[in-house]
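Colleague: I've got some questions about how you label things in this model. Could you put it up and walk me through the reasoning?

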Amino acid sequence: MERIATFEKVSFSQFESDWADTFGAADDATLKTLYDSICLPRRATAGSAGYDIFTPIGFSLEPGQTIKIPTGIRAKIDAGWFLGIFPRSGLGFKFRLQLNNTVGIIDSDYSNSDNEGHIFIKICNDSKEGKTITVKGGDAFAQGIFLPFGITVDDAADGVRNGGFGSTSPSKV
């Protein structure tokens with residue numbers, strides 16, 4: 001196995017700004033407690049492919065409800081790799097917990113963005129059985145898997161990222 005990435009917390013000021021944008025303003029003591037409790041992703045076993053991603057807050061979702069979680073983390077990834085974000089298998093199986101964008105793709109250059117590469121995860125309880133999901137703060141709710149990728153022999157991409165969702169949409173030539 002290759003060692004191709006590191007996880008870090010985003011700065012407190014970035015977390016504070018993104019938290020306010022997502023949930024509204026919170027007092028400094030609450031935000032500091034949330035920030036200090038952020039756990040970096042980690043694998044549960046030596047054979048695990050996925051790095052568990054933990055939520056800084058607890059939440060409950062009724063069927064059909066969504067929530068966007070500012071995780072407080074970023075990934076610095078070597079070129080030629082990306083981080084795929086998926087729901088935890090058990091939560092998907094029991095509750096049909098899904099990512100709103102089906103699979104999150106964290107590119108290797110995302111950590112250089114103005115938002116420090118802050119990873120957000122938006123999830124939905126898509127239960128067809130009327131099940132409410134409750135996740136406690138600090139629980140794993142998603143997983144990230146590092147994957148290599150290839151490019152075409154005639155690839156000439158030279159753009160520079162500065163943003164998150166939709167920031168790399170190329171114009172048609």
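Colleague: Which residue is the bridge partner of Gln 98 in β9?

Modeller: That's Cys 124. This is a predicted model, by the way. The strand on the other side of that pairing is β7, residues 97–99, and 3 bridges join it to β9, with the two running antiparallel.

Colleague: What makes β7 and β9 a pair of strands?

Modeller: The cut-off is at least two bridges. There are 3 between β7 and β9, so they qualify as paired. Strand β4, residues 66–70, also pairs with β9 in the antiparallel sense, over 5 bridges. In that pairing, Pro 70 stands opposite Phe 120.

Colleague: Why do you call β9 largely enclosed?

Modeller: Strand β9 covers residues 120–125, and 5 of its 6 residues are buried, so the rest of the structure largely encloses it. Buried here means under 20% relative accessible area.

Colleague: Which residues touch the most other members of the largest nonpolar core?

Modeller: That core has 35 residues, and the ones touching the most other members are Leu 83, Ile 121, Ile 123 and Phe 141. Take Ile 121: setting aside residues up to four places away in sequence, its contacts include Ile 53, Ile 67, Ile 69, Ile 85, Leu 99 and Phe 141. Lys 68 and Thr 71 are also among the residues Ile 121 touches.

Colleague: What about β8: which of its side chains are buried, and which are not?

Modeller: In β8, residues 104–107, Gly 104 and Ile 106 point to one face and are buried, while Ile 105 and Asp 107 point to the other face and are not. In a regular strand, side chains alternate between the two faces of the sheet. Strand β6, residues 81–87, runs antiparallel to β8, with 4 bridges joining them. One of those places Ile 85 opposite Gly 104.

Colleague: On to the rings. Why is the pair of Phe 12 and Tyr 35 called edge-to-face?

Modeller: By the ring rule there are 9 aromatic pairs. For Phe 12 and Tyr 35, the centres are 5.4 Å apart and the planes make an angle of 85°. A pair needs centres within 6.5 Å, and planes over 60 degrees apart count as edge-to-face, so Phe 12 and Tyr 35 meet both conditions. The pair links distant parts of the chain: Phe 12 is in helix α1, residues 12–23, and Tyr 35 is in helix α2, residues 28–36, 23 residues apart.

Colleague: Is each of those two rings buried or partly exposed, and how do you know?

Modeller: Phe 12 has 26% relative accessibility, so it counts as partly exposed. Tyr 35 has 12%, so it counts as buried. The line between the two labels is 20%.

Colleague: What about Tyr 51 and Phe 146: why that label for their rings?

Modeller: Their centres are 5.7 Å apart and their planes are at 80°, so this pair is edge-to-face. Tyr 51 is in strand β2, residues 51–54, and Phe 146 is in strand β11, residues 140–148, which puts the two 95 residues apart. Tyr 51 is partly exposed at 25% relative accessible area, whereas Phe 146 is buried at 15%.

Colleague: Which residues do ring pairs link into a cluster?

Modeller: Phe 12, Phe 15, Trp 19, Phe 23 and Tyr 35. Of these, Phe 15 lies in helix α1 and has 0% relative accessibility, so it counts as buried. Beyond its sequence neighbours up to four places away, Phe 15 touches residues including Leu 31, Leu 34, Tyr 35, Pro 70 and His 118.

Colleague: What makes you say the charge of Lys 9 sits over a ring?

Modeller: The charged end of Lys 9 is 4.6 Å from the centre of the Tyr 35 ring and sits over it. The distance limit is 6 Å.

Colleague: Last one: why is Gln 143 called buried?

Modeller: Gln 143 is in strand β11, and its relative accessibility is 15%, so it counts as buried. Its side chain reaches the backbone oxygen of Pro 87 at 3.2 Å, and the cut-off for a polar contact is 3.5 Å.

Note on methods:
Residues are numbered from 1 along each chain as its sequence is written. This is a predicted model: local features need pLDDT of at least 70, side-chain atom pairs count only at pLDDT 80 or more; totals for chains, interfaces and linings use all residues. Side-chain values use heavy atoms; hydrogens and water are left out. Rings of Phe, Tyr and Trp (its six-membered ring) pair if their centres lie within 6.5 Å; planes under 30 degrees apart count as stacked, over 60 as edge-to-face and the rest as tilted. Buried means under 20% relative accessible area, exposed over 50%, partly exposed in between (1.4 Å probe, protein chains only). A charge sits over a ring if NZ of Lys or CZ of Arg is within 6 Å of the ring centre and within 35 degrees of the ring normal. A nonpolar core is a set of buried Ala, Val, Leu, Ile, Met, Phe, Trp, Tyr and Cys residues joined through side-chain atoms within 4.5 Å. Contact means heavy atoms within 4.5 Å. A polar contact is a pair of N or O atoms within 3.5 Å; within protein, one must be able to donate a hydrogen and the other to accept it, and residues adjacent in sequence count only if both atoms are side-chain atoms.
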